[in-house]
Amino acid sequence: MNLWVVVPAYNEARGIEATLRAIDAQDDRDFTLVVVDNASTDGTAEIVERHGVRVITERQKGTGAASDTGVRHAIANGATHIARTDADCLPRADWVRGVRRAFDDGLEMVGGRLLPRTDEFPLKFWERRFIPFVVDVAATFGRFRPGNRSPEYLGPYVMMPGCAMAITASLYERAGGFPRTAIEEVHEDRALVNQVRRITSAYGSRRDVVVYGSVRRLRAYGLAGTLAWYADHRYRPDVVDIR
């Protein structure tokens with residue numbers, strides 16, 4: 001297994017060092033890390049390079065485009081398995097080990113648990129509960145929404161946040177990869193899951209694959225706005241890239 005970790009990043013100069021530290025602190029260090037700078041204007045790439053991490057650039061704006069560029073770069077350089085997290089997230093110290101274990105168990109695509117970060121802001125009780133609640137609601141809703149139900153699918157819909165996702169190189173190429181889109185256009189993680197479901201049933205979510213995600217969108221959009229955003233962007237803020 002030649003495992004790579006891909007991190008798309010846009011204007012994350014203030015916080016990406018925390019993500020790099022969390023990745024550096026993995027108890028399984030047998031992987032190659034690459035950060036995809038999505039044409040940042042705040043020095044993100046320079047900060048990453050100072051940490052000795054490989055940086056490539058994708059000028060087409062969008063999490064889908066940046067993630068796809070990173071995964072294909074990894075595959076072109078020999079990756080057989082790729083994990084992705086985001087530049088505002090903190091993978092738990094056993095995240096890589098959990099991903100590797102899931103692949104060893106026969107999965108070709110792995111999703112994980114998304115929990116709220118507690119280091120950004122003092123969190124209220126409801127905020128600590130909200131991110132897991134949103135993920136659970138989205139997972140339940142996703143199983144019943146018409147777009148996720150088709151006789152073409154070889155297995156049930158599984159919620160897999162892009163910041164806690166891993167896939168084999170072979171399956172990524174067979175599925176066509178992340179759509180090269182902006183986050184306000186398409187949830188690229190859900191699109192890839194549904195592409196995979198047409199090919200194999202060897203995918204699943206693992207509770208031992210844990211990533212702590214930023215609550216800044218929740219703070220900026222509010223409770224109702226955040227729920228509506230994740231429900232097919234029914235809420236469209238003037239500023240999508242919250243920093």
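This briefing describes a surface patch, a cavity, several salt bridges and a few individual residues of one structure.

The model is predicted. A search of the whole structure finds 18 salt bridges, and a search for cavities of 30 Å³ or more finds 1. On the outside, a nonpolar patch covers about 420 Å², and two non-glycine residues with a positive phi, Asn 11 and Ala 39, are taken up towards the end.

**The nonpolar surface patch**

- The patch of about 420 Å² is built from Trp 126, Phe 133, Val 137, Leu 223 and Leu 227.
- Two helices, H5 (residues 125-144) and H8 (residues 216-230), each contribute at least two residues to this nonpolar patch, and the largest share, 3 residues, comes from H5.
- Phe 133, one of the patch residues, is located in helix H5 and has a relative accessible area of 43%, so that this residue counts as partly exposed.
- Patch membership asks for over 30% relative accessible area, and Phe 133, with its 43%, lies above that cut-off.

**The cavity**

- Rolling a probe the size of a water molecule over the atoms shows where empty space is left.
- In this structure the search for cavities of 30 Å³ or more returns 1, and the volume of the largest cavity is about 40 Å³.
- The lining of the largest cavity consists of Val 71, Ile 82, Ala 83, Arg 84, Met 165, Ala 166, Ile 167, Tyr 172 and Phe 178.
- Strand S4, which spans residues 81-84, and strand S7, which spans residues 165-168, each provide at least two residues of that lining.
- Sorted by class, the lining of the largest cavity holds 8 nonpolar residues, no polar ones and 1 charged residue; the charged residue is Arg 84, because Arg is counted among the charged residues.

**Salt bridges**

- Side chains of opposite charge can pair when their charged atoms come close.
- Of the 18 salt bridges found in the whole structure, one joins Asp 24 to Arg 29, with the closest N and O atoms 3.2 Å apart; Asp 24 is partly exposed at 48% relative accessibility, and Arg 29 is likewise partly exposed, with a relative accessible area of 47%.
- Another salt bridge brings together the side chains of Asp 94 and Arg 92, at 2.8 Å from N to O; here Asp 94 is buried, with a relative accessible area of 18%, whereas Arg 92 is partly exposed, with 28%.
- A further salt bridge links Asp 208 and Arg 206, whose closest N and O atoms are 3.8 Å apart; in this pair Arg 206 counts as buried at 18% relative accessibility, while Asp 208 counts as partly exposed at 21%.
- The limit for calling a residue buried is under 20% relative accessible area, so Asp 208, at 21%, falls in the partly exposed class, and Arg 206, at 18%, falls in the buried class.
- Beyond these pairs, Glu 58, Asp 68, Arg 72 and Arg 180 are connected to one another through a network of salt bridges.

**Loop residues with a positive phi**

- Asn 11 is not a glycine, yet its phi is positive, at about 50°; Asn 11 belongs to the loop that runs between strand S1 (residues 3-9) and helix H1 (residues 16-24), and at 17% relative accessibility this residue counts as buried.
- Ala 39, also not a glycine, has a positive phi of about 60°; Ala 39 is part of the loop between strand S2 (residues 32-37) and helix H2 (residues 44-50), and its relative accessible area of 25% makes this residue partly exposed.

**Distances along the chain and in space**

- Ala 39 and Arg 143 are separated by 104 residues in sequence, and their C-alpha atoms lie 35 Å apart in space.
- Val 240 and Ala 191 are 49 residues apart along the chain, and the separation between their C-alpha atoms is 20 Å.
- Val 240 is situated in the segment that follows H8, and with a relative accessible area of 15% this residue is buried.

Methods
Residues are numbered from 1 along each chain as its sequence is written. This is a predicted model: local features need pLDDT of at least 70, side-chain atom pairs count only at pLDDT 80 or more; totals for chains, interfaces and linings use all residues. Side-chain values use heavy atoms; hydrogens and water are left out. Patches are made of residues with over 30% relative accessible area and no salt bridge: like charges are joined within 9 Å, nonpolar side chains (Val, Leu, Ile, Met, Phe, Trp, Tyr) within 5 Å. Accessible areas come from the Shrake-Rupley method with a 1.4 Å probe; for residues, only the protein chains shown count as cover. A salt bridge is a side-chain nitrogen of Lys or Arg within 4 Å of a carboxyl oxygen of Asp or Glu. Helices (H or I, at least four residues) and strands (E, at least two) are DSSP runs, numbered from the N terminus. Buried means under 20% relative accessible area, exposed over 50%, partly exposed in between (1.4 Å probe, protein chains only). On a 1 Å grid over the protein atoms alone, a cavity is a set of points where a 1.4 Å probe fits but cannot get out, and a pocket is an open set with protein on both sides within 12 Å along at least five of seven lines; lining residues have an atom within 4 Å of a point. Grid points are joined across faces, edges and corners, and a volume is the space filled by probe spheres set on the points.
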